[in-house]
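Welcome! Take a moment to turn the structure around on your screen before reading on.

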Amino acid sequence: MSFGPHLFLAVLEGLVTSAVLALTALGLSLVFGVMRVVNVAHGEFFMLGAVSAWFISTALGGHPAIGFVAALIISPLLVGALALLSERLVLRRLNYNPEATIVATIGMLYIIQQAALTFYGPEARPVEPPFNLRVLFPWFGYSGYKLSIIVASILLMLGTWFVLTRTRIGLIMRATQFDSETAQAFGIPVDRVYAGVFALGAMLAAIAAVLIVPIQQAHYLMGLDPLLMSFIVVIIGGLGSLRGTVVAAVLVGLSDGIISVFFSPTLAKMLATLLVAMVLVFRPQGLFGERQR
Amino acid sequence: MSRTAAAWALHLVVIGILFLLQFVLPEYHHGVLARVMVLAVFAMGYNLLFGYVGLLSLGHAMFFAAGLYGAGLTVEHFGFGMVPAFGAGLAAGAVSGLVIGLLALRTTGVAFMIVTMMFAQVTYLAILYCAEWTRGDDGFVLAQPLRSVNLAGLQLDLTNPATRYFAALALFAVTLLVTLAVVRSSFGRVLVAIRENEERARMLGYDAFANKLVAVVVSATICAAAGAAYALLFGYVGASFASVQYSILPLLWVLLGGAATVLGPFLGTLFMYYVVDVTSGFTSAYLFIVGLALILLVLFFPAGVLGTIRARWLRWLP
């Protein structure tokens with residue numbers, strides 16, 4: 001294959017990564033932005049989404065699409081419920097103190113990882129894609145399912161944007177993010193908003209995981225990479241900036257795809273991680289974020 | 001007895017007990033204690049930054065790995081002796097501490113945690129990427145004949161359990177006393193002042209950045225000493241020691257023993273090592289124990305064992 005088509009393939013792969021990454025990072029960014037909590041267990045919520053998708057699709061059997069659609073609905077609900085529970089039991093009791101919540105979410109990370117290892121096992125297991133379709137380009141055929149991930153992600157991002165900017169729920173969330181004390185004084189139930197945002201963040205990660213599990217098998221250690229990549233995206237994009245998150249996810253996903261195809265995946269991860277650490281060092285507010293008050 | 005004398009006496013007694021223990025301990029626990037002492041050095045280095053300066057780093061595995069690989073690679077590829085290899089490990093730790101400190105200290109709070117975690121991940125990936133030299137995840141084992149020291153005509157074989165225990169104890173004792181001296185010095189007081197209120201410390205005329213930078217370098221060097229000792233005493237060098245999990249373990253040990261106490265990291269390491277050791281006897285679910293311990297500690301026992309004892313009874317505890 002000559003250079004042009006090779007690059008095109010790399011761009012497609014990169015866009016699929018971007019799509020999943022944008023959803024995962026958006027969850028982290030919301031929790032980070034609204035609650036000022038760094039959720040180190042975010043990657044494990046992602047992993048739980050993928051693992052529960054395998055359980056659901058295996059239990060249902062029949063046509064792969066049935067299991068997949070069921071997983072797409074049930075997995076996020078399960079993960080969201082678990083996030084809600086941990087928020088009530090742990091994070092709220094810590095008064096959302098930044099350092100204490102970091103330690104607590106590290107604890108959650110280990111507990112969830114161990115639970116997955118115990119009940120699911122160390123194997124990586126595949127989920128069948130809901131449909132098998134090859135989109136034929138002049139140079140190669142490409143998985144139609146992968147393209148549909150990109151479409152699904154765009155739709156979900158548009159939905160989130162709509163909720164955040166055009167609805168009352170979004171207004172309440174933005175008010176809480178801007179100044180939680182004043183919001184509380186105006187009768188906004190801040191602790192319920194926090195619980196909701198934490199669950200929503202986890203659900204976004206779970207949806208992203210269900211979308212990716214047909215092309216990347218479910219494994220109990222799969223959470224760390226999305227966590228670090230989401231940190232990267234959230235930092236490059238700037239805190240709580242939806243536009244920044246999307247642009248950064250596309251940038252990171254594309255560079256990851258292109259470097260992975262032409263050089264090596266390890267090198268791609270190294271460069272991306274190093275780049276972000278440098279962004280955070282020299283431009284702490286991110287590319288699109290506003291300087292923190 | 002003055003408070004200073006009491007503090008020094010207590011720490012010397014602990015070292016003395018550890019010295020005597022080697023004659024009475026059964027073989028298995030003898031080996032465990034040697035390992036715990038080396039890992040406690042890692043925890044003490046971590047505590048200097050986390051406990052006394054209040055900087056939460058999730059990247060200290062990279063300093064441990066700097067020592068581990070600084071010592072291991074020079075023995076494996078350049079045929080260094082034990083002493084120069086240990087020195088190479090220390091140097092690698094100090095240099096990486098300086099570079100990372102200069103960069104990461106430009107950020108504060110949560111951003112500091114994320115930046116250190118990312119630099120550590122880059123280090124981990126770099127170790128995997130340079131698999132030709134480091135053998136990546138599998139790591140490599142230092143050959144037994146290489147691991148002996150000639151000190152003033154005395155041939156010490158580090159693969160011998162008694163020598164190994166003694167070397168671990170020596171490193172532990174030196175680190176413990178150095179830490180005690182550092183935190184009781186005026187430099188240590190400045191670090192605590194920065195932890196409590198950085199703005200005020202700056203207004204009093206202290207250069208917060210320079211003091212924090214020195215703290216990072218010292219902390220990194222201590223952690224690298226633990227890494228180098230681990231490579232030379234136990235003979236195994238592998239990428240798992242640079243993983244995120246290895247950055248989190250010292251945090252757990254320090255939290256359990258009591259952050260900002262000199263002996264706390266050792267207590268935490270000892271206790272946690274045995275908890276994991278005992279539980280892994282009848283279940284493989286040790287990650288669950290680690291996770292639960294972190295959450296319960298931060299919820300109900302934020303001062304740790306020694307921190308609580310200090311707050312309740314022994315006010316003079318350093």
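The report below goes from whole chains to aromatic rings and then to single residues.

## The two chains as a whole

Please keep in mind that this is a predicted model. Let us begin with chain A, which has 11 helices and 2 strands. If you walk along its sequence, the elements come in the order α-α-α-α-β-β-α-α-α-α-α-α-α. The radius of gyration of chain A is 19 Å, close to the 19 Å that the globule rule gives for 293 residues, so chain A is as compact as a globular protein of that length.

Chain B contains 14 helices and 4 strands. Its radius of gyration is 19 Å, close to the 20 Å expected from the globule rule for 318 residues, so chain B too is as compact as a globular protein of that length.

Here are some values for the two chains, set out for easy reading.

| Chain | Span along the principal axes | Buried residues | Accessible surface |
|---|---|---|---|
| Chain A | about 60 × 45 × 35 Å | 54% of 293 residues | about 12800 Å² |
| Chain B | roughly 55 × 45 × 45 Å | 55% of 318 residues | about 13000 Å² |

What kinds of atoms make up these surfaces? In chain A, 69% of the accessible surface belongs to carbon and sulfur atoms. In chain B, carbon and sulfur atoms supply 68% of the exposed area.

Contacts tell you how a chain folds back on itself. Among the contacts in chain A between residues at least 6 apart in sequence, 77% join residues at least 24 apart. For chain B, residues 24 or more positions apart account for 77% of the contacts with a separation of 6 or more.

Charges come next. Chain A carries 16 positive and 12 negative charges, and the mean positions of these two sets are 8 Å apart. Chain B has 15 positive and 11 negative side chains, with the centres of the two sets 15 Å apart.

## Aromatic rings

A pair of aromatic rings is described by two things: the distance between the centres and the angle between the planes. How many aromatic pairs does the structure hold over all chains? There are 22 of them. One of these is formed by B:Phe42 and B:Tyr246, a stacked pair with 6.4 Å from centre to centre and 10° between the planes. This pair links distant parts of the chain: B:Phe42 sits in helix H2 (residues 27-52) of chain B and B:Tyr246 in helix H11 (residues 244-257) of chain B, 204 residues apart. Are these two residues, B:Phe42 and B:Tyr246, buried or exposed? Both are buried.

Another pair has another arrangement. The ring centres of B:Phe78 and B:Phe80 are 6.2 Å apart and the planes meet at 50°, so this pair is tilted. B:Phe78 counts as exposed, at 55% relative accessibility, while B:Phe80 is partly exposed, with a relative accessible area of 32%.

Ring pairs can also join up into a group. In chain B, they link B:Phe42, B:Phe64, B:Tyr230, B:Phe234, B:Tyr236, B:Phe241, B:Tyr246 and B:Trp253 into a cluster.

## Three residues to look up

Now try finding a few single residues. Where is B:Asp137? You will find B:Asp137 in the loop between helix H6 (131-134) and strand E1 (140-141) of chain B. At 48% relative accessibility, B:Asp137 counts as partly exposed, because exposed residues must be over 50%. Leaving out residues up to four places away in sequence, B:Asp137 touches B:Tyr124, B:Leu128, B:Tyr236, B:Ala239 and B:Ser240. The C-alpha atoms of B:Asp137 and B:Tyr124 are separated by 9.7 Å, and the two residues are 13 residues apart along the chain. B:Tyr236, one of the residues touched by B:Asp137, is also one of the members of the ring cluster.

Next comes A:Lys269, which lies in helix H11 (residues 265-282) of chain A. Why does A:Lys269 count as buried? Its relative accessible area is 18%, and buried means under 20%, so A:Lys269 falls in that class. Again leaving out residues up to four places away in sequence, A:Lys269 touches A:Asp225, A:Met229, A:Asp256 and B:Leu125.

Last, look for B:Ala91 in helix H4 (residues 82-104) of chain B. B:Ala91 is partly exposed, with a relative accessible area of 40%. From B:Ala91 to B:Leu156 there are 65 residues in sequence and 23 Å in space, C-alpha to C-alpha.

Notes:
Residues numbered from 1 in each chain as written. Chains lettered and ligands numbered in written order. Predicted model: local features only at pLDDT ≥ 70, side-chain atom pairs only at ≥ 80, totals over all residues. Heavy atoms only, no water. Rg over C-alpha atoms; globule rule 2.2 N^0.38 Å. Buried < 20%, exposed > 50% of the residue type's maximum accessible area, 1.4 Å probe, protein only. Contact = heavy atoms within 4.5 Å. Areas by Shrake-Rupley, 256 points an atom, 1.4 Å probe, with all protein chains shown as cover. Lys, Arg positive; Asp, Glu negative; His and termini not counted. Charge placed at Lys NZ, Arg CZ, Asp CG, Glu CD. Phe/Tyr/Trp six-rings, centres within 6.5 Å; stacked < 30°, edge-to-face > 60°.
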